[in-house]
There are 2 protein chains.
Amino acid sequence: MPEAATTGDVSITSVQGGITAPLGFQSAALHCGIKAAPQALDLTVIAADSSSSAAGLFTTNLAQAAPVLVSKRHLRETGGVARAIVVNSGCANACTGDQGMSDAARMANEVAAALSCDPTQVLVASTGVIGVNLKMDRVSSGIRDAIAALARGKGSETARAIMTTDPFPKEYAVHVNTGRGSFTVGGTAKGSGMIEPNMATMLGFLTTDARVPPGLLDRALRESGRATFNAITVDGECSTNDSLFALASGASGVTIDEELYPALTEAFLAVSRDLALGIVRGGEGATKLISVHVRDARTGDDARQVARTIANSPLVKTAVHGADPNWGRIVAAAGRAGVTFDVQRATVHVGDVLLFENGLPHDDAAPRAAEHLKGKDIRIEVSLGTGGRGSATIWTCDLSAEYVRINGEYRT
Amino acid sequence: MPEAATTGDVSITSVQGGITAPLGFQSAALHCGIKAAPQALDLTVIAADSSSSAAGLFTTNLAQAAPVLVSKRHLRETGGVARAIVVNSGCANACTGDQGMSDAARMANEVAAALSCDPTQVLVASTGVIGVNLKMDRVSSGIRDAIAALARGKGSETARAIMTTDPFPKEYAVHVNTGRGSFTVGGTAKGSGMIEPNMATMLGFLTTDARVPPGLLDRALRESGRATFNAITVDGECSTNDSLFALASGASGVTIDEELYPALTEAFLAVSRDLALGIVRGGEGATKLISVHVRDARTGDDARQVARTIANSPLVKTAVHGADPNWGRIVAAAGRAGVTFDVQRATVHVGDVLLFENGLPHDDAAPRAAEHLKGKDIRIEVSLGTGGRGSATIWTCDLSAEYVRINGEYRT
């Protein structure tokens, strides 16, 4: 049974089809030869039937890969219009200098030529090993073949083609019914995979067949991204290539205005949350999903800062891995987050078990908390007790010896 | 052969004796019964023959243990005078509420009564499991026995008594010759040990037989601490109990004024650096010492921020563990540090091997860098190329599966 959520006149139901569930989109994926493994999908094109509204969110790292720089320029030049996204895995095209910039631009040019649109209407994303140039002859022939193979119903191939060492593909879609008609939102993402092993990269792509003015699309992407893709962390690392794109084809005939904006954002949130949590579950060496919820902070930013510090604490992450109800590490991580609160008024729950209040532990409750920690879905909840209403949730995974193994092996 | 350093008329030579190498100090250490292992040293007193100048640096964590709160109050009330330091290991006396405050004060009271000084002249430090109260009957009888056993030449016992899961004791001392006489500085420290396992705590104690006004002593401790104890990181965690104390007995007859202040600071730096690097080498699961040197930043603070971000990056630390010359992770960590610089102008060296410049890798040099990474002492050097002169060094260790094992085991 699909999940459904209803808010006012709006109902949201999960549907199959991922990135090509919305009307007006096709995709194709293939092995062009960037990845060494034969038949491993390493190139995909997501194309709208006609020019669509587009928006993007990018890594805040100062070191930005060529495809990030090219895609930002294209969005700036078009004011938020795109026809297609071309993505390769296996090579990040990062720290590749002028050649890299030229290669990323060429990927856009070749897709644009085949689709008969302006090159600025093509967005580019890459993930994989950094400091290595793309094998452009393979990419070019791959682009030609992919354009020829574009079809609906290939969302799951696209989801697989963007993977690096992700343990499973991530795709999700929802159908939204409103009093003014219905539309669909689909998406796919790849996460903390490493290749050979190298930079982790987060890529995410959303499509919708609603008609959305670029300004509203950008707003919906930022608002939903903040609470989902920007609220997850595997190891606190932010890569050179992180990119999140949204395309809106308008093919459903429903136009998003201020009245329908909440419905669009809710759908973006539903799809993005599913994809983002999939990234964390598939984090390197992850065995548990941890949600860190901080409340009663003076501001939302304060809450986010504390939640992020707890979520990135190696001591907290190893304790969860070992099913150790170590509230002391949680208190200490909160205390060093750079946010003002009174530890005496703070409380810590693990699952629904209160482990710390009034500056003192409830050690008698530790065995019940340990039981919770033996599960796969872990909840840590911290109240800062400031009297403020700020709250935030950050998702992360545990830290296992497997993480070290994956990231410590010699790159060959 | 002892190492010697000479600056102007000042020469510094390493000597034996640790914390009791300077004149005017005695110590004693014993097993009082806090640690479960029979005969494991868990209590020590460091006592000056008479009231001494004193200074302290403490954790910036909002969650501060009772001994930290008591010691801060004592230093404030005396204006920087102390007779003794009492330290226990095996129990951090943190998150222990009113009982913990009362126990920490009682430790000071009992030492003061035995030494016939004011309780405010006793500093207290604890390290070990948090959220558990001290067994005060054992601590009290231990304090009585320790005071009775005070003697010179027991610095190495004190060094062992403050250990938790530190793999080896850390002590160091230097003799300083100046044109105006000579004095000695000694010290001991314990590091990123866990107990049962729980909070990591850094404790450090310095003694000198120079006569130092409290204001200058505080300044020397802050200045040397910033470049040593505050420039190391094992996992970015800052505990509830971190404390660094300095006592100056004056027994050498040499008085530190502005002219001799640089000699004192240099000696503090020499002792503190040796102890701090010992903490990193003994970090949990550590197999390599990594120095991260960042230069050509706009400011020293910028350089420190970038160096700290690289030093705390799990991807960099796992790469070093695996002897992988992964300059990409170093560039990406620098790029997300929140400091402005131009990646195109940055360079990365591993050992003396240039791996990255002009935005491009030198992959031909990777095998030589990999050779360097197979050693025990790893140097990462990053120039931000801003034209500024800011520089900073942060020391850390690699991240191994053993770290996860140590910190992920269920607390019993």
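These are my notebook entries on the fold of chain A and on how chains A and B sit together.

**Ground rules.** I am working with a predicted model, in which local features need pLDDT of at least 70 and side-chain atom pairs count only at pLDDT 80 or more, while totals for chains, interfaces and linings use all residues. Residues are numbered from 1 along each chain as its sequence is written, and chains are lettered from A and ligands numbered from 1 in the order in which they are written.

**Chain A.** I looked up the secondary structure and found eleven helices and 17 strands in chain A, where helices (H or I, at least four residues) and strands (E, at least two) are DSSP runs numbered from the N terminus. I noted that the C-alpha trace spans about 70 × 55 × 40 Å along its principal axes. Of the 412 residues of chain A, 64% count as buried, meaning that 20 or more other C-beta atoms, placed from the backbone, lie within 10 Å of the residue's own.

**Symmetry.** I then checked how the copies are related, superposing by least squares on the C-alpha atoms of residues with pLDDT of at least 70 in both. Chain B falls on chain A after a rotation of 180 degrees with 0.0 Å of shift along the axis, at an RMSD of 0.0 Å, and that is the relation of a two-fold axis. In chain B, the C-alpha nearest the axis belongs to B:Ala401, 2.2 Å from it.

**Interface.** I counted residues as in contact if their C-beta atoms, placed from the backbone, lie within 7 Å. The contact takes 46 residues from chain B and 46 residues from chain A. Among the elements of chain B that give two or more residues to this side are helix H8 (314-321) and helix H11 (401-408).

Technical notes:
Two residues are in contact if their C-beta atoms, placed from the backbone, lie within 7 Å. A residue is buried if 20 or more other C-beta atoms lie within 10 Å of its own, exposed if 12 or fewer, and partly exposed in between; C-beta atoms are placed from the backbone.
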